[in-house]
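Colleague: I am new to this one. Can I ask how the labels were earned?
Modeller: Go ahead. Here it is.

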Amino acid sequence: MCGIVAYAGPNQAFDFLIKGLQRLEYRGYDSAGIALLNGDLNIYKQKGKVQDLLDETSGKNIEGTTGIGHTRWATHGEPNKVNAHPHLSQSGDIAVIHNGIIENYATIKEALVKRGHTFLSDTDTEVLIHLIEDIKQHEDVDLFEAVRLALNEVIGAYAIVIISKDDPGTIIGARKGSPLVIGIGKDKKEYFMASDATPIVEYTRDVIYLDDNEIAHIKDSELTIKTIDNVEKTPYIQKLEVTLEAIEKGGYDHFMLKEIYEQPKSIYDSMRGRFNQTDLTFAMRSLREYESKIKNLNRIIIVGCGTSWHAGLVGEYLIEEFARLPVEVEYASEFRYRDPVITEDDLVIAISQSGETADTLAALEMAKEKGATIYGICNVVGSSIPRMTDAGAYTHAGPEIGVASTKAFTAQVTVLTLIALGIADIRGKISKDRLREIFAELEVLPTKVQEVLDTCSEKVIEIAKRYKDVDHCLYLGRGINFPVALEGALKLKEISYIHAEGYPAAEMKHGPIALIDENMPVVVVAPKRGYYEKVLSNIQEVKARKGNIISIVTHGDEKVAGLSDYFVEIPDTEDCLVPILATIPMQLLSYHMAVMRGCNVDQPRNLAKSVTVE
Ligand code: M6R
């Protein structure tokens, strides 16, 4: 968690730092802080949002051409001003910002306390900067070397940036497990650092993604990168593709709403150029290169967290149906701590919007060690997962800023559909006629998504008005639409704080049915496909207990619609594509209910967009 930014160059740092923190606020918003070098080292911090920090700095000295900034998602120590970053060394001359966790901080702290150090905060980060200064003084080395030596003692994950009163114009950044991007500004005279590229894109398109165990040293406009073992590395400069418009709200009230409405495009982008309807072939390099491996696959294991895990569950139905290969879907956080049986004939697919989720990364590392081929489905270009996998496919959904995942989910499911079909094709499990039918439906999918957005919004607002004050909500779906129910429930609870549960519709009578009364809304995915008649029976069971039915039905359906208190129609499509269309009204329902309840939908309480700690 946490977002970090840094600047060293000829211009004032303050505006870049504040704007950058606002762009990174999705990563954590418990507190914010900045440090500026201008002869003195001035630190400003505040509990709460970046706006609170901005208010705090009003009328104060914000001069400085070298600076660092941080927006926090609390791990060690409660979210208050004292625990806010930047943290200072014992002398107060060196400042650090940190994203990650120093696992052995307690041991280091104990040793430092014995040497006379006193600590102001409860954070692991403060321990790190005290250690760096302690090494600098006792080993009589420069700041870079002190950082390098300290990082050799540290266990854990970090992206850090350090500035020092004694080294104006210098910033030192390092990473292990948490992301850090370096932007190279005009004439290589100014440098930016950030947790992702969004703060940087306005200033430069030339970036370097620091690798694990690398330390970047910017001093007098010169950049050097070394490993923590002191080996010099040649920086690999890449061009940023993300645009400024993509990371702004563009007239919408919230990023979440903008991202929901971007889905016709994001879904189109996620499949663009990946299949050919004329000759019924696939153009996915990651599949082509692994053709012989795919032919001999034993099974596929999909790992992910939260919404990405739900996409994985949809993937399980898709791959098993089309490619006839056994698939297991695992929470990355559980998988990494089991001792799963994995062989070289397994393919482990990690799904992650951010590409930085700590549990998913760790699960992949473990699978790689055990000899499996590892594959990534990620959205953020250049993030950690795509850089460690053998192969993969980007979702190309564009930046997702709202903490609740929306367009990333539908893009993940689209890519999984293509992967399932591609594997089926390679393994000879699908006929060309069937491929033709599904490709034709994929072609019109963005239009159908647009149709859902155009036609369901008013109805959803009406439903949201009726149910915005409920305490609980049940979501039901069967088969491939069961994960859709899970995703619908997650979306509602995370942004509206209404308790919601997703269940396979038939499981309802094994317990949750006891909850149903006239106050309980039950959202049912009930397309006129798959298990339609069976879902219809489940709906009857809810009605018999006076539950309220909100159904998502195929356009023109009368049976389910007739039984429902409210229904939202989606166009008919192939079974395998229903999850994408059915998800959209649920996203909108959560959004409108949350807004009506006065919740901050883009930054729900206690959450952060990328979970880079366990
Ligand atoms: O970046 P990732 O896809 O790996 O993130 C996984 C989850 O943290 C994420 O999907 C989370 O559940 C979202 N808040 C859901 O909207």
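Colleague: What makes the side chains of histidine 98 and threonine 125 a polar contact?
Modeller: First, a caution: this is a predicted model. The two side chains come to 2.8 Å. A polar contact needs N or O atoms within 3.5 Å. So the pair of histidine 98 and threonine 125 qualifies, at 2.8 Å.

Colleague: Is histidine 98 buried or exposed, and how do you know?
Modeller: Its relative accessibility is 1%. Buried means under 20%. Therefore histidine 98 counts as buried. The residue sits in strand β6, residues 94-102. Its contacts include Cys2, His70, His85 and Tyr158.

Colleague: Which peptide bond is cis, and why is it called that?
Modeller: The one joining histidine 85 and proline 86, with omega of about 0 degrees. Most peptide bonds are trans. Proline 86 lies in the loop between β4 (66-72) and β5 (87-88). Histidine 85 is also among the residues that histidine 98 touches.

Colleague: On to the rings. Why are tyrosine 7 and phenylalanine 16 called a tilted pair?
Modeller: A search of the whole structure gives 10 aromatic pairs. In this one, the centres of tyrosine 7 and phenylalanine 16 are 6.1 Å apart, and the planes differ by 50 degrees. Pairing needs centres within 6.5 Å, so 6.1 Å passes. Stacked means under 30 degrees and edge-to-face means over 60, so 50 degrees is tilted. Both residues, tyrosine 7 and phenylalanine 16, are buried. Ring pairs link Tyr7 and Phe16 with Phe192 and Tyr203 into a cluster.

Colleague: What lies over the face of phenylalanine 567, and at what distance from the ring centre?
Modeller: Lysine 459, at 4.0 Å from the ring centre. The distance cut-off is 6 Å, so lysine 459 meets it. Another case is arginine 605: its charged end sits over the ring of tyrosine 497, 3.8 Å from the centre.

Colleague: Now the ligand. Which residues are the closest to it?
Modeller: Ser308, Ser352, Ser354, Thr357 and Glu494. In total, 15 residues surround the ligand. A polar side-chain atom of glutamate 494 lies 2.4 Å from a ligand oxygen. Glutamine 353 brings a backbone N or O atom to 2.7 Å from an oxygen of the ligand. At valine 403, a polar backbone atom is 3.3 Å from a ligand nitrogen.

Colleague: How much of the ligand does the protein bury?
Modeller: Taken alone, the ligand exposes 410 Å², and the protein buries 92% of that. Helices α10 (306-323) and α16 (482-496) each give two or more residues to the shell around the ligand.

Colleague: Why is aspartate 471 called exposed?
Modeller: Its relative accessible area is 55%. Exposed means over 50%, so aspartate 471 makes the cut. The residue is in the loop between α15 (432-467) and β23 (472-477). Beyond four places away in sequence, aspartate 471 touches Ile498 and His499.

Colleague: What is said of phi at histidine 396?
Modeller: Phi is positive, about 55 degrees, although histidine 396 is not a glycine. Most residues other than glycine have a negative phi. Histidine 396 is in the loop between β22 (391-394) and α14 (407-426). Lysine 546 also has a positive phi, near 65 degrees.

Colleague: How exposed are histidine 396 and lysine 546, and why do their labels differ?
Modeller: Histidine 396 has a relative accessible area of 38%. That falls between 20% and 50%, so histidine 396 is partly exposed. Lysine 546 has 56%, which is over 50%, so lysine 546 is exposed. Its place is the loop between α17 (532-544) and β26 (548-554).

Key
Residues numbered from 1 in each chain as written. Predicted model: local features only at pLDDT ≥ 70, side-chain atom pairs only at ≥ 80, totals over all residues. Heavy atoms only, no water. Phe/Tyr/Trp six-rings, centres within 6.5 Å; stacked < 30°, edge-to-face > 60°. Buried < 20%, exposed > 50% of the residue type's maximum accessible area, 1.4 Å probe, protein only. Lys NZ or Arg CZ within 6 Å of the ring centre and 35° of its normal. Helix = DSSP H or I, 4+ residues; strand = E, 2+ residues; numbered from the N terminus. Contact = heavy atoms within 4.5 Å. Near = heavy atom within 4 Å. Polar contact = N/O pair within 3.5 Å; in protein donor to acceptor, adjacent residues only side chain to side chain. Areas by Shrake-Rupley, 256 points an atom, 1.4 Å probe, with all protein chains shown as cover.
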